[in-house]
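Reader: Hi! I'm in my first year and I get lost when I look at a whole protein at once. Please choose one small part, take me through it slowly, and then show me what lies around it.

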Amino acid sequence: MKIWLDGKLVDQEEAKTSVFDHGTLYGDGIFEGIRFYNRRVFRLEDHMDRLFNCAHYLLLDMPYSKEELSKAVCETAAASGLDDGYIRLVVTRGIGNLGLNPFNCKRSCVYIIADKISLYDPAVYENGLSLITSSIRRNRPDTICPQVKSLNYLNNILAKVEAVRQGAAEALMLNDQGNVAECTGDNIFIVKDGTVYTPPVTDGALDGITRRVVLEICREQQIPAEEKTMNRFTVTCADECFLTGTAAECVPVTKLDSYELGSGKIGPVTARILARFQELTQHTGTEF
């Protein structure tokens, strides 16, 4: 496997970062998860825009331009030898001392990995996923902004641990007001009376790229869709439910805790959106 590390492709064994990197010491950095299908990188421009917005918010200097990193992503995907796969693009604050001050780090570190990924059992995409409601609350927007894809994922990890220990693959996360934010690694959508709803980013949801694609599909297919503040009651009474994320793609949900959602099977609106999403991923993107 070849890893792109600070400007060049190196063997996996040579892809090393310092123990003094603030990404390791403090989780100080950002990342993007990106998919490629049929040797095309899906929504590369959107991912780059979000990456650079997050860097701006964290006052993290980017040592490469969007164009340079886009080219590096394509080079890494090509070097993987895969037609379909997952890319992890990471930018850390870089090497500093053991103190907290990020401005002691002279240069950011960038690396890119292209490999296979599978978050859920393939049967889940046919039969639906079961969720639990986590006791771990999503970070408040006025503390750690949930829209920043930082390397500090402890909040999500604690919720994931809780889900796994309860025999579930994913957990629903509420915000400090008890309203739905997202899941540990995915955005959440419900369908009620033919309308698609998803929590606004102001309720603690990440502005997910796949989330954006689904909202675009709804407009294209003339499916009513809107952002709406929801609580757990709203989800349990939904006709349909599904999750979205770059790694997860689009995943139907048929159960939350002890509640069966809707018919307990993949609903017609969800199936329609999933079919169109799969079509887009197979025929659009940046070629490499």
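Author: Happy to! Let's begin with an empty space inside the protein, one whose lining is made up of four nonpolar, four polar and three charged residues. Please keep in mind that this is a predicted model. The space is the second largest cavity, and its volume comes to about 60 Å³. To find its walls in your viewer, select Arg35, Tyr37, Phe42, Arg43, His47, Ile209, Thr210, Gly245, Thr246, Glu249 and Phe277. Two elements, β3 and α6, each give two or more residues to this lining.

Some of these wall residues also belong together in another way. Tyr37, Phe42 and Phe277 make up one aromatic cluster, and these three residues are also among those lining the cavity. How many aromatic pairs does the structure have? The count is six. One of them joins Trp4 and Tyr64: their ring centres are 5.3 Å apart and their planes meet at 70°, so the pair is edge-to-face. Since Trp4 belongs to strand β1 (residues 2-5) and Tyr64 to the loop between α2 and α3, the pair ties together parts that are 60 residues apart in sequence. Trp4 and Tyr64 are both buried.

A further pair brings us back to strand β3. The rings of Phe36 and Phe288 are also edge-to-face, because their planes are at 85°, with the centres 5.5 Å apart. Phe36 lies in β3 and Phe288 in the segment after β16, so this contact links parts that are 252 residues apart in sequence. Are these two residues buried or partly exposed? Phe36 counts as buried because its relative accessibility is 0%. Phe288 has 21% relative accessibility, so this residue counts as partly exposed; the cut-off for buried is under 20%.

Now let's follow β3 sideways. This strand, residues 29-37, pairs with β5 in the antiparallel sense over eight bridges. If you want one bridge to look at, Ile34 has Ile87 of β5 as its partner. Strand β5 (residues 85-92) is mostly covered, with seven of its eight residues buried. β5 also runs antiparallel to strand β6 (residues 109-115), and seven bridges join the two. Here the partner of Val91 is Val110 in β6. One idea helps when you look at strands like these: in a regular strand, side chains alternate between the two faces of the sheet.

Beyond the end of β3 comes a small surprise in the backbone. Arg39 is placed in the loop between β3 and β4, and its phi is near 60°, a positive value in a residue other than glycine. With a relative accessible area of 30%, Arg39 is partly exposed. Leu59, in the loop between α2 and α3, also has a positive phi, near 55°. Leu59 has a relative accessible area of 56% and is therefore exposed.

Both β3 and β5 turn up again in the largest pocket. They are among the elements that give two or more residues to its lining, along with α5, β9, α6 and β13. The space in this pocket is about 650 Å³. Its lining has 31 residues, and those nearest its centre are Phe31, Arg88, Lys149, Tyr153 and Gly185. By class, 14 of the lining residues are nonpolar, 10 are polar and seven are charged.

Tyr153 gives us one last stop, since this residue is also among those nearest the centre of the largest cavity, together with Arg138, Val148, Asn152 and Asn156. About 100 Å³ of space lies in that cavity, and its lining divides into six nonpolar, four polar and three charged residues. How many cavities of 30 Å³ or more does a search of the whole structure find? The answer is three, and the one we began with is the second largest, with about 60 Å³ of space.

Methods. Residues numbered from 1 in each chain as written. Predicted model: local features only at pLDDT ≥ 70, side-chain atom pairs only at ≥ 80, totals over all residues. Heavy atoms only, no water. Buried < 20%, exposed > 50% of the residue type's maximum accessible area, 1.4 Å probe, protein only. Helix = DSSP H or I, 4+ residues; strand = E, 2+ residues; numbered from the N terminus. Pairing = 2+ DSSP bridges. Phe/Tyr/Trp six-rings, centres within 6.5 Å; stacked < 30°, edge-to-face > 60°. 1 Å grid on protein atoms, 1.4 Å probe; cavity = no way out; pocket = protein on both sides within 12 Å on 5 of 7 lines; lining within 4 Å. Points joined across faces, edges and corners; volume = space filled by probe spheres on them. Nonpolar A, V, L, I, M, F, W, Y, C, P; charged D, E, K, R; others polar.
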